[in-house]
Structures are given as C-alpha cells and as structure tokens.
Amino acid sequence: MAIYHLRAHQISRGKGQSAVAAAAYRHATHMNVARSGEIADYSRKKGCIHSEVALPEGAPRWIHAWHDRYSPHELAEHFWNRVETSEKRDDAQLAHEFVVALPVELSVEQNKALVRDFVRDQFAARGQVADWNYHDATGNPHVHIMVALRPLTETGFGPKRVPVLDGDGEPVRRPPKVEGQKGEIVYQHFAGWRDRLPEIRAAWSQEVNRHLVEHGYDTTVDHRSFEDRDIPLEPTTHRGPAVDDMEARGIQTEMVQQHHQVMRENFRRLAEDPSLVVKMITAEKSVFDERDVAKLIHRYASTSEEFTGLFLRVGALDNLVTLSQEIRDPFTNKLLEREKMTTRDVLHMEARMIDGVRQRATDQSFGAPPRRVEKALAEFSKSHGFSLSDEQAMVVRAVTSDRGVSTVVGYAGAGKSTVMDVVRQVYEGQGRRVVGGALAGKAAEGLSESAGIESRTLASWRMSWEHDKHRLQKGDVFVLDEAGMVSSNDMAMLVDAVNAAQAKLILVGDARQLQPIQAGAAFRAIADNTGFIELTEVRRQSEAWMRDASLAFGRGDSRAALEAYADKGHIHILSHRDDAMSELVGAWGADWRAGADTLMLAHTKDAVFSLNERARHIIKAHGGLQNEVSFDAVRGPRAFAVGDRLLFLENDRDLGVKNGMLATVEKANDGILDVRLDNGRAVTVNHEHYNNVDYGYATTIHKSQGSTVDRVHVLATQMMDAQLSYVALSRHRQTVTLYAGRNDFPETTDLLDTLSRDRLKDSTLAYEHTPDYQLERDAFVRRRDLPDIGELRDLWRRSLDAMRSRFAAIGERFRAISERLSLARPQAVEVSSNVPPAAGARAVEAKREIRLPELTPAVSKALSRLSEVDRNTKGYSGKRGRWFRAAETELTQMSSATDLVMFNDQIAALVSPVEVRSLGRDPDENKFQSLVAHLPPSAQTFIKENWQLVHVGQLAADDKSRVDVASVMVTERRDAGLEADYEKERARYRLPDEPLIPAVTKWPVSVEAVARDPANQAAVTKALHQSALQNMGKVWRDPAAILDKLAAAVTDGSDVIQVLKAMDENPASLGDLHGKTNFLGRPDEERKAALAAVMPATSSADAFVGSLKVSIEGAEKSERKLRSQMAAPIDGLSPAAKDVLASLSEASSLPERSDERRALERAAVEDREAIGQLRGVAHDISARFGDGSGVPDRDMIARAMPDLSPEERSGIYRDARQICAAYDRCVEIDRTQRRETRLEHEKSRYHSIGR
C-alpha cells in the first residue's frame, strides 16, 4: 500500500561532497567531475528507469540550448559542473535533495506524471532547476530530486539571497534607523530550506492523494508525524535496500535490531491499548471495515498469534459502532459487502459538526442591503473592465443574504475567486471583518491574492485560537476555500469557533474533486444538509435540459442526469459492445464528414485505440488521409497524414502544449509534423524532441477534462462510475450520445445503476438514515442524561403555539426541528396535566389514537410457518438459505403477502424494528417493557401476546431487504466478472512494450556515403568495372588511378564527359601510356597497340560510368527506404501469437501425418487474431530484410542495425526466420484445410448425385 516518505538533505562541499558525483550516482551513469578531474562512474548501478531535468519558466537561452542538445544525463553533467564552478567557497552548499517514496498502486507512467506535477509546482514554478531520477527498486519505487540553490541568469547564476518583494514587486524594507532615510532591504534565501520543508512535505502528500483519487484508489498518505496525530507510537527509521538485503542474508545490523526493537515496542503499546488501532484508522477515514483493521495490525504484528489476538481485541472494543451490517448472498453465504464501522467519538464529532452548522444557518443577521450589493457589482465592473456573469452575480447576492452559513459549490474555472472578491467588498462596506482560510498554504495565499481576503492555513488559525489570539468576533465573515479537502475534525473545529463568535461561515469548494487527507467528507455532508449555491456557469450546452443534467451531475444526482439522457433517446444499447462501437464510429463519421467539431470518448486505452483505428479507416474510405508518413511515437509507430487529428499526451513547456490538447496536422514529413492546435496556434512536432502523441479522434475520458466540442460520442463500459459519467457527458455544446452493448448492460437500468455509482469518500453522516446510526444517536442522548426524544418533542410542541403570534417564522423552523428529532422510534404524544396550555394556544390532544395491527388468520399462519423455518435453520449456516427463500416467498408470492407486509409496517409504526430484532425470540422482561413503555396498555398486551409472530415478521422483512440488496450486488459482481474475463482475454492479444526489432534513428554514416561505397555497388557495375579496368590496362600503365578519377567525378557530380573526352582525344594527358616514341616522335609498336586500344577502353569506361550512376541512385533509394522503415520498430508478439509459434513448434516434432500433429496445427490456425498479428510481423520483416524469396537475409539485418553486437543480430535473425517460417507454415496449413474441405464437399456432392 502507499506509504509517506520524504527525506531532505543538503549536498555540501563542506562535507566532502560533489554535486556532479551525486548526480552521477542518481542517474546511474558516469560523469566527469571537472573541478577535481575525476570520473564518477556508477554505470553498474541498476534501477534508474527514467531521468528528467525540469527547467523553470523563462529560463535563459544557454540552459535551453543544453536542454535541446543533450540527453538528461549529459545535461545534468554539464549543469552540475557549472554549479560547482560558480561556487567558490570551500564549504559551499551545492544542492538540496529530496527523496520521496512513490505509491506502489500507480503504474510507472502514472508515477512519472505525479512527480512531474510535484516538481513543476514546488520547484520549477519558483525558478529552480530540478534534476530528478526514478529508481524502480522492487517494492520500493522512489525518486531522487536534486534542486539548484541559485536563480538562473543569462550569464550563469544569481545570488542565493534575494530581496523579499511586496505585492507591487518592490523590495520590502525594515523600518529606517534614521528618520527620512530608507530602511534596509529584507532578504531571504532563494531556495529556502527549513522554512519551506513543512510546505513541501504537505504538498507531496496532497499531490500523492490527488493522483491516487484520480486513478480510483481509496487510500491516502499523511505527512504528519505520530506526535502531531497524538498517537503514542515511536516512528521507525528509513532502512533502505542495502539494510534489507543484509537482513535477507542473515546479517544483523544495528539498524535492523533498532528497527525490530521499535516495532516490538509499538506492538506492545497497541496490545495494551487496542483503541489506538481504530484511532489511527479514523485519522484517515471516518468509515472503515475489518480489512482496514487487518492491514494496520499486520504492519506491527510479527506472528500470527499476535495478529489474531490483537485483531479480536479490537473487534471487542466498546467504542466501535456498526453503521451498516455486512451483506451476504443469502443462498451461497458469499460475502458481498463488509460491515461498515466507525467509533463513537467520530460519529458524535461529525454529528456535533452538522448540528453546529444547522444552528449557525438559522442566524439571519448577515443580510446585506440590495443597494450595497448592486453598488459593489457596478464598482467591480468599472474597476476591472468587465462584468460578472449573471450566474456569478446571482451567487454574490445569495452569499450576501441573511443566512449564517453559505455553501458555494464552484467547479474549476467558474470564477470563485472573483465572486469572493465582490463578497468581500460588500461585507467590508458594512464594516465587517472578512478573513479566510484553507488547508494548504498555497490555497490560502491564492485566496489572499485573488480575492483580497486576509487568509491563513487552518493549522495556523487553530494554533492562534488555542493561544487566545486573533479570535473571531461577532459579525465577522470567515471564508473557507477548497473546503472539499478539509477533514471532519478540522471542519468541526472551525464550526465551533464560528458558532462561539456568532460569525458567518462561507464554504467554497467542490465536494467531488480532491478528497480530504484525514477522515470524513465534511464539505459534501454540509452541502447535502444545508443546501448550496452552484457556481458552474453551465453555458456550454445549447439546450436547457442538458444544462440541467450537467447541474444534476455536479450535485451528485448522477442517476437523474443519466435518466434525462435516456428519456431523450441519447443512450443507445446494442446487442454487443462491438456493435455499439460500430454504430458509435458510424455516427461520428457522419459528423466528421459534415465538418462538425466532434470527439469520441471511452474509459480504457484499448477501446480508444480501437475507436481511433476505425475512425481513420472511415476517413480513408472516403478519400482522406492520403500520403501517410511515419512518426515514431511513444506508444508505437503511427502513420500520420495531412488532416489527421492529433492528441498530445504530455506537457511540454518548449512547445507550449499540455497533456490532453488536440490539434490538426497541416503538413507531414517523416518524423516531423506541422500541426495547428484547436486554440489556433501553430506548432511543429519533431519526433526526436517530442513524440508522446497519438491519434485524436477518440480519447480517454480522463484526458477529455477541460475539453469542449460540439458533438460527443461516448462508449460506456462496466468499469465507469458517476465521476467518469459526469466528465464524459459534460464535454459537449450541442449533443452527446452514449453507446453500450448488452453484454455489458443487459438492460437500461443496469447501465444507469453502474454509471451512477459514486466512489467518493464517506463520512458517518452518509449513514444517518440507517437504524444502527439512529439507535446510537438515541443512546448518546440517554448517556448524557438528556431528555429522551418524546420529551424533547413535547417540549417543542408546547412552545410552538405560545410563540406563534410573535415568531411565526421561528415557529416553522422549530416544527422542522421537532420532526427531525424523531430519530429512532415513534412516540405516543402525551401532554402532562400539570402543564397548563399557553394563552392563545390551540388545544392539543391528550393522547394520540393507536390502531392495533390486524392479525388475520392468513397472516398468523404465514408468520407461524416462518417461525418454524427460523427455529429449524437458526445457527446452521448451510441451511440458512432455506430461511431466506421462505422469507422471500411469504412476502412476495403467497396470497397473504400483501396483508403480511401491511402487518409488518403497522408493527414498525409502533416500535423500532431494530430493537424488536435485537431482543430475540425470548426477550428480557425489563428490555421488553422499555421497548413498549410509550404505548397504551392495549398495544402493549397485543405485542406481548403475539411476540413470537411480531419478532419473526420483523426478521423476515429485514432479511427480505437483504435478499434484494444481495441480488443486485450478485448481478454487479457477475457483470464485473465478465468484464474481468474480457480484459483477461484481451490481455492475451496485447502487444508487449519491448519491440521485436527496435527502431533505428541514428546511423554512423550518411546515405550518400553508403551509396558510394564500392562494396555496395550492383553486381553488373562491378563487372563493368573489371571490364573497363582490363581494357584501360591496354592503354595506360596505371588504369586504376584513371578509373578512380572517373568514379570520383561521378560521385562528386563533376564533369565526367570531359574526362571521357580527354581519354578519347588526348589519352596521354591522363597518364603514362604503354610504349614510347623516338626523338622524331614516332611511336614504337607497343605505343601503337596502346593507341589502337583507346577507343574500346573509352567505350568500356563510359559503360562503367553509366552503370555506376544507376547503381548509386538505386543504392541511395534503397538505403533511404530502409532507414525510413527502420525509424519505426517492429512490434513483438502477443502471448496469443507466441502460443501459435509454440503449437507449431510442438507439431513439427510429431510424425507428419499423425492425427495429433494435424489437431495441433488446426487449433493453431483457428486463432485468427493471433495469426493476423503473426502475418503483420512477418510481412514487416520480409519487407525490410527479405531476399528475393522474402526470407530474412543476415547481411540485410547487419546493415539495418549496425550498432547491435553480432550476438544480438544473430538473435534477431533467428527470431525473424522462425516467425516468417511459422507464418508460411500457417498459410500452408490453411490452404491444405481449404483444399481438404473443398474435396470433401465435392465428394459428398458426387455421392448425392449418385443417389
């Protein structure tokens, strides 16, 4: 599970450390330490799987040039050497390092995204260079982040100490020592250290929790220490992999012994006080189950006996409260949902919090005059040059109304800060003090800067209030930003403070975004209980009902939103998911051809890939996407053409693109794409610098956040939930249609149930409606010696009429409180005779009439049958299914079912069903009297005489509801199992990350050099070269030199014709001829023979030159084609394709015509998808490396991959031949089977004619 670990330290020259050597160790490479002349070589170190150097915005050109030119390792080497050169002191601090543990729940790519966000916000945004390395140690993935301590300048580095600036960007100064002079400038450390550590520690936990929630994990980390959380345990020290390795080898180090000693001591403390276990759990979540208990105990217990003993003791704690019972399949006894628990402390704390909020909401002293509000809105428009939207103005008016609590649910980008700025002006205009707070320091700072509200963190407010400082005053207004991140405990503290001061509380946030680190979901509970104002400005959708649906999604009423789309015919369920995808892509294609702005969405990457492929197929079928070029993308090679839609998958500051941005390809060359973003900006994408792109016709729902298009088509699958549905069905302006298959959702109700599942964090208030919760609240009231519920209600009712004439509105609120106080069981209402009615009060009945339940003979017989079944099956889990079937039959199928249900409802109206079931078949007399004491004697006698029937009736009613819930959950589990089986089957065909043949993008020599290499000349050219050399040897003494001159002229593009002309007309000018001339100039016989051979020599040289030109052109074309092909890797084989190879290999070892061999071969070729993958790989291999017959050529492989070792090339050659031979064998088997089928058909036809 995810753990919190952040360790920070300084790298200092005073400790004998080197920043370059430290970087080499973290990068697991070798680097030159320029200052000492040494080489720090850690290239043997393993585990570093990714490295990045993050630059701040506005970084100088010199480091941008390095960033573009060097790899991360090389850039780090240059950068840290320059850092060391700039530091002159012998004790200089060189860098800060942060080591953080990554959550094991997230994948490598998800963890990379997590670290990028953290580094960007905490370091790059502050102007610091951050060099980080991802170490993927088994069970301990972590990241080392080295951060520079000086700001960057155009010439290098600035000073470590920089002026503190005020809001106007001017240096802050101390008060002057001499009047009339300027005070000294206040400086601070640019990088910070101890002052920033708490902020960085908190920011890392918030970032981890945000990413865990985004990827669907209900787990959190907490940066606070045991001491801060008031937990009396000792922290353990970080051991590291070296210590773990020594312990595994039986080496006992001092650190290991100390670690075990701390763990034993911590377990002893937990065993002495088991309540610490639930205290630690409820520090993170208000509602938990037995798995949370087991996971925590497992950390500290060293034996199974210790684990079991402590687990049972925790389960026996009196402080535990059951919120909802476990749910089992009544027929198989399989556990469907675990028992949900909390503690009395948490339950009462959250109940106290919500009661306090309800009390504060009744304070009506905070209304602002409408004229003042309108004046503030007008002044804002005048000073800012723009007006608030109608919705924003509406929210301002609502928040400044007379309510003591205002809750604003403002979605991202809706202008919450702008609204709060105007609210501040309104209340400050009334003379009120407006202050603010937030959980994180960054959020509090943002509230101060954007809304002008003096703000601090909640922790800072708590500390001040504990020391009786900066307390809220009557009439103050407190604004809590990002309230969705605040835990129930912190919210309760704030509500208490606001109530004590009689101040107003304004909560701003989105309960459906980030979840609180600690226990509870307080903001959502408050919004549900007291109402809220929405700031969504849903102007995106063109139709009113779509806007209403989006608002319903935002409120959490996902089912109502989905039903609206279903009622309007925007949900299409086809027979199978493949059919749904086909119809979806067809509808999308019609939009595309019409020029509409359209997008397809799906939950999984596999579905997105399939939708993109189908979309491009449709466009090609209509004549689009011609002249494709290859682009080496992170997810594999992609073919792009002009007009293609492109999706960016990673932030890049240099390009100015963000993860999820869409663009259109305007110009395409191999490896380089000129695209235009949807915001109109042009960008050039070079695969050597940025290649994390994919097709953009379809994208995942996660990636679509922030996007807006006209028409959206969504593929629904079983793994979606309410949050994903919210995003998917709110991306459109004009229309959205959702498609699904009946193999995923047999009925529309199944789809609505699944897509409205909410996976947000729970508070105990989410279970306020359950009998268990209500009984616990009743017991809480009784334990505190408060009047019981009936007495309280009598008090309220006797007060109402007396106050009605003067306080009508207050009377109505008390009536609502009176009704709400009837929590667990109805009470007979009696008016004491010694309390006279108030003057003017209407008469109140002395006693409410009680109607006894009607126990007909049919109902009596049904209950007797149920009682007999209950008695015979009680205590026998194997027979309990009979009881559940009997309860369902009697309550739904028998003729007496309606009367039986009515009888049970009448009993439930008199006494609490929970208490009836808990008392058992033979109740204790005192407990029974407590149960019926509020009833008249006739009702008490009826229940007592028929207790066995009353008891079994309530048992059957409760267990019938369990059967209904279990049936729904069994269906959900079955559907989830189908989804898992499907995903498991698809995994067999998923291609591996490692390609069979890697891409080659860097070549040791140019194309021209390869083409002009004599070794690569065509055979005919080599033959003509020998012929020319032989003929020219009859003329010149050194023909090779002349022939080389001719070849050089061809390769250099010189005038070859002039050389040939000189050979013909003045052969002596090119070199010494055979023979000689006398003093009169007459040639001897040898010279005459040489001159006679000039013409055939020139002719053969001319033929060689022509052939050489053709050979070079052909070689260049061939080399360019090979390099273009090698720019994209050849995918490896999926597990299914490898199974085909294994089956064929096994079959080849069997006798040729044996039945076993034929069966193996037939089964192998029946897997058409695997054969298709095999065919694709074999064709790619033959196209690149095949000889004339398509068989892979060893020399071609060596030529295509010059950087590989001979052993690696031999391995690729072996695999390539095996794959090509296997595919050829598949083709041969398929032909044989077709031929046999045709012959069998003709044979049967022949016999049929004969008959």
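Which backbone nitrogen does a side-chain oxygen of S18 reach at the start of helix 1? In this predicted model, the partner is V20, whose backbone nitrogen has the S18 oxygen within 3.3 Å. The helix that begins here spans residues 19-27, and because eight of its nine residues are buried, helix 1 is largely enclosed by the rest of the structure. The buried members are A19, V20, A21, A22, A23, A24, R26 and H27, so a run of alanines is joined there by an arginine and a histidine, each under the 20% limit for burial. Just past the helix comes A28, with a positive phi near 55°.

The end of helix 1 also meets strand 4. C48, which belongs to that strand (residues 48-54), touches R26, H27 and A28, and on another stretch of the chain N133, Y134 and H135, when residues up to four places away in sequence are not counted. One of these partners, N133, is 85 residues from C48 in sequence, yet their C-alpha atoms are 6.6 Å apart. C48 itself counts as partly exposed because its relative accessibility is 24%, whereas R26 and H27 are buried.

It helps to set these details against the whole protein. The model holds 45 helices and 33 strands, and buried residues make up 46% of its 1251 residues. Among contacts with a separation of 6 or more, 69% link residues 24 or more positions apart; the pairing of C48 with N133, 85 residues apart, is one example of such a long separation.

Nonpolar side chains gather in separate cores. In soluble globular proteins, such side chains tend to be buried together. The largest core here has 38 residues, of which M600, F648, L673 and V675 touch the most other members. Helix 22 (residues 605-621) gives this core its largest share, six residues. Apart from it lies another core, of 34 residues, including Y989, L1133, V1140 and A1222. Back in the largest core, the surroundings of V675 can be followed residue by residue: beyond its neighbours within four places in sequence, V675 is in contact with L646, F648, A663, T664, V665, E666, R681, A682, V683 and V685. F648 thus appears both as a contact of V675 and as one of the core members with the most partners.

Elsewhere, F942 offers a view of packing around a single aromatic residue. F942 is found in helix 33 (residues 937-945) and is buried, because its relative accessible area of 14% falls under the 20% limit. Its contacts, again leaving out residues up to four places away, are L852, P853, L855, F903 and I907. L852 lies 90 residues from F942 in sequence and 7.7 Å from it in space, C-alpha to C-alpha.

Two loop residues with polar side chains are buried as well. Q128 sits in the loop between helix 4 (108-122) and strand 6 (130-137), and counts as buried because its relative accessibility is 1%. A polar atom of its side chain lies 3.1 Å from the backbone oxygen of A148. Around Q128, leaving aside neighbours within four places, the contacts are A54, P56, Q122, F123, V147, A148, F190, A191 and R196. T400, in the loop between helix 13 (390-399) and strand 16 (405-410), is likewise buried, with a relative accessible area of 1%. Its side chain has a polar atom 3.3 Å from the backbone oxygen of R397. With neighbours within four places left aside, the contacts of T400 are F366, G367, A368, V373, V423, V426, Y427 and K504.

A148, the backbone partner of Q128, also helps to line a cavity. A search of the whole structure finds six cavities of 30 Å³ or more, and the second largest has a volume of about 50 Å³. Its lining consists of V83, E87, Q93, L94, A148, L149, R150, F157 and K160. These divide into five nonpolar, one polar and three charged residues.

Finally, two further loop residues invite a look at the backbone. Most residues other than glycine have a negative phi. H470, in the loop between helix 16 (458-466) and strand 19 (477-480), has a positive phi near 55°. Q502 also has a positive phi near 55°, and is placed in the loop between helix 17 (488-501) and strand 20 (504-509). Q502 is partly exposed, with a relative accessible area of 37%.

Methods
Residues are numbered from 1 along each chain as its sequence is written. This is a predicted model: local features need pLDDT of at least 70, side-chain atom pairs count only at pLDDT 80 or more; totals for chains, interfaces and linings use all residues. Side-chain values use heavy atoms; hydrogens and water are left out. A nonpolar core is a set of buried Ala, Val, Leu, Ile, Met, Phe, Trp, Tyr and Cys residues joined through side-chain atoms within 4.5 Å. Buried means under 20% relative accessible area, exposed over 50%, partly exposed in between (1.4 Å probe, protein chains only). Helices (H or I, at least four residues) and strands (E, at least two) are DSSP runs, numbered from the N terminus. Contact means heavy atoms within 4.5 Å. A polar contact is a pair of N or O atoms within 3.5 Å; within protein, one must be able to donate a hydrogen and the other to accept it, and residues adjacent in sequence count only if both atoms are side-chain atoms. On a 1 Å grid over the protein atoms alone, a cavity is a set of points where a 1.4 Å probe fits but cannot get out, and a pocket is an open set with protein on both sides within 12 Å along at least five of seven lines; lining residues have an atom within 4 Å of a point. Grid points are joined across faces, edges and corners, and a volume is the space filled by probe spheres set on the points. Ala, Val, Leu, Ile, Met, Phe, Trp, Tyr, Cys and Pro count as nonpolar, Asp, Glu, Lys and Arg as charged, and the others, Gly among them, as polar.
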